[in-house]
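Here are my notes from going through this one, in no strict order of priority. Have the viewer open while you read, and follow along point by point.

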Amino acid sequence: MSRYWSPVVHRLSPYVPGEQPQIKNLIKLNTNENPYGPSPRALAAIQAEANDSLRLYPDPAALRLRQAIAGYYGLETAQVFVGNGSDEVLAHIFHGLFQHPLPLLFPDISYSFYPVYCDLYAIDYQTVPLGDEFELRVADYLRPNAGIIFPNPNAPTGRLLPLADIEWLLQRNDASVVVVDEAYVDFGGESAATLVHRYPNLLVTQTFSKSRSLAGLRVGFALGDAALIEALERVKDSFNSYPLDRLALAGATAAIEDREHFQRTRLAVMESREQLSRGLAELGFLLPPSAANFVFARHPQRDAGELAARLRERGIIVRHFRLPRIEQYLRITIGKPDENAALLAALTEILAGE
Ligand SMILES: Cc1ncc(COP(=O)(O)O)c(C=O)c1O
């Protein structure tokens with residue numbers, strides 16, 4: 001606290017990111033990073049860019065990267081916006097598209113950054129309860145609103161909403177922007193990017209942090225009608241003209257071009273998810289079907305906070321949220337097969353009371 005702070009800073013409750021402990025040999029299953037490394041082509045492109053050209057500013061329009069993303073999704077470059085991680089892209093969306101008199105709508109259980117942006121930008125919001133199985137019911141969103149946002153697959157539940165439900169909502173909600181946050185879509189969902197041509201109020205956000213294994217590079221993007229993208233460009237150019245540095249632009253462009261590495265690693269994660277889900281179910285855990293690179297599991301007889309603490313003693317960290325409705329769940333990122341096996345072995349011991 002300080003009397004020098006702007007008043008808005010006093011009432012902020014900032015987002016708390018998952019830990020990044022500097023402990024050796026830790027099995028880190030808490031922040032949904034990819035267990036496999038980035039594309040070797042991306043690494044080579046980053047290295048090639050680390051030269052004298054760093055004395056020059058990067059391209060403020062990020063043209064090559066936006067063209068590569070547009071080509072991948074069959075869109076125009078003017079339908080693509082890029083930013084410093086999808087968190088920054090989301091911040092600009094909240095700032096540029098959700099500040100209206102009506103409340104913004106999002107699920108009661110979803111990405112915990114959404115209410116933080118609402119505080120920052122003084123946006124009124126209402127949370128819409130998910131069903132008992134954490135299913136998102138689109139009909140519940142048919143009420144006056146300043147916008148709608150939800151992750152798909154949802155985080156931290158991993159549950160997927162079918163594309164047909166998204167289209168059903170878009171057909172009935174044309175007075176505000178609908179944002180589908182697809183941070184995890186490459187692990188089992190179908191992107192709503194195919195609907196961008198038909199719905200001028202649809203924005204799809206994605207990230208290079210998960211399926212492209214570049215969380216450390218900080219690159220995210222939005223796909224949507226050129227008029228929505230223009231709003232985001234206006235906010236960006238009133239904030240920071242160069243959110244992506246030369247290394248990020250080079251690495252992300254090469255990553256999106258390396259389809260083979262992308263396919264291989266995302267399929268490996270999905271296969272491990274099915275194995276880990278089976279293993280957890282055999283230990284008595286209950287878990288909704290996940291389409292993401294994590295599972296969301298609870299044990300009917302054991303306290304989730306206690307399980308997380310016991311795992312930590314064994315050098316395995318998972319995410320536990322002390323929040324209503326989900327305090328008995330653990331969100332477990334899919335690791336490499338040996339990490340998943342170590343997790344199951346540790347849980348077997350803990351449940352046996354060892
Ligand atoms: C649902 C969701 N959206 C967006 C993000 C932000 O990702 P990034 O800023 O790394 O692109 C995350 C990160 O965990 C997430 O879970």
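**Notes on the helices, the spaces and three residues**

1. Let's start at the end of a helix. Right after α9 comes glycine 284, with a positive phi of about 95 degrees. Keep in mind throughout that this is a predicted model.

2. Now α9 itself. The helix runs for 24 residues and covers 35 Å from first C-alpha to last, close to the 34 Å expected at 1.5 Å a residue. Its buried residues are His261, Phe262, Thr265, Arg266, Val269, Met270, Ser272, Arg273, Leu276, Ser277, Gly279 and Leu280. As for partners, these buried residues pack against α2 (40-49), α3 (63-73), β9 (294-297), β11 and α11.

3. One residue of α9 that I looked at on its own is serine 277. Buried or exposed? Serine 277 has a relative accessibility of 18%, and the cut-off for buried is under 20%, so it counts as buried. Setting aside residues up to four places away in sequence, serine 277 touches Leu287 and Val295.

4. On to α11, residues 337-351. With 15 residues at 1.5 Å each, this helix should span 21 Å, and its end C-alpha atoms are indeed 21 Å apart, so the two agree. The buried set in α11 is Glu339, Asn340, Leu343, Leu344, Ala346, Leu347 and Ile350. Those residues sit on the same side of α11, because they take up an arc of only 165 degrees around the axis.

5. What covers that buried side of α11? The cover includes β1 (27-29), α9 (259-282), α10 (304-313), β10 (316-318) and β11 (330-333). After α11 there is again a glycine to check: glycine 353 follows the helix, and its phi is positive, near 85 degrees.

6. Since β11 turned up in the packing of α9 and in the cover of α11, have a look at threonine 333, which is found in that strand. Threonine 333 is buried, given a relative accessible area of 1%. Not counting residues up to four places away in sequence, threonine 333 touches Leu29, Asn30, Thr31, Asn32, Glu33, Asn293 and Phe294.

7. Next, the enclosed spaces. How many cavities of 30 Å³ or more are there? The count is two, and the largest has a volume of about 90 Å³. Of the 14 residues lining the largest cavity, Pro60, Ala61, Ala62, Val82 and Lys236 are the closest to its centre. Both β2 (80-83) and α7 (226-236) supply at least two residues of that lining. By class, the lining of the largest cavity has nine nonpolar residues, one polar and four charged.

8. Lysine 236 deserves a point to itself. It lies in helix α7 and is among the residues closest to the centre of the largest cavity. With a relative accessibility of 4%, lysine 236 counts as buried. Leaving aside its neighbours within four places in sequence, lysine 236 is in contact with Pro60, Phe81, His92, Ser241 and Pro243. If you want a sense of distance across the model, lysine 236 and alanine 297 are 61 residues apart in sequence and 38 Å apart in space, C-alpha to C-alpha.

9. The second largest cavity holds about 60 Å³ of space. Its lining consists of Gly37, Pro38, Ser39, Ser211, Arg212, Ser213, Ala255, Asp258, His261, Phe262 and Thr265. Which element gives the most to that lining? α9 does, with three residues. Sorted by class, the lining of the second largest cavity comes to three nonpolar, six polar and two charged residues.

10. Last, the largest pocket, with about 900 Å³ of space. Its lining takes in 38 residues, and those nearest the centre of the pocket are Tyr15, Tyr111, Ser112, Arg319 and Arg331. The elements giving two or more residues to this lining are α4 (85-97), β3 (104-107) and β4 (125-128), and α4 gives the most, with three residues. The lining of the largest pocket divides into 19 nonpolar, 10 polar and nine charged residues.

How values were computed: Residues are numbered from 1 along each chain as its sequence is written. This is a predicted model: local features need pLDDT of at least 70, side-chain atom pairs count only at pLDDT 80 or more; totals for chains, interfaces and linings use all residues. Side-chain values use heavy atoms; hydrogens and water are left out. Helices (H or I, at least four residues) and strands (E, at least two) are DSSP runs, numbered from the N terminus. The expected span of a helix is 1.5 Å times one less than its number of residues. Buried means under 20% relative accessible area, exposed over 50%, partly exposed in between (1.4 Å probe, protein chains only). The arc is that of the directions from the helix axis to the C-beta atoms. Contact means heavy atoms within 4.5 Å. On a 1 Å grid over the protein atoms alone, a cavity is a set of points where a 1.4 Å probe fits but cannot get out, and a pocket is an open set with protein on both sides within 12 Å along at least five of seven lines; lining residues have an atom within 4 Å of a point. Grid points are joined across faces, edges and corners, and a volume is the space filled by probe spheres set on the points. Ala, Val, Leu, Ile, Met, Phe, Trp, Tyr, Cys and Pro count as nonpolar, Asp, Glu, Lys and Arg as charged, and the others, Gly among them, as polar.
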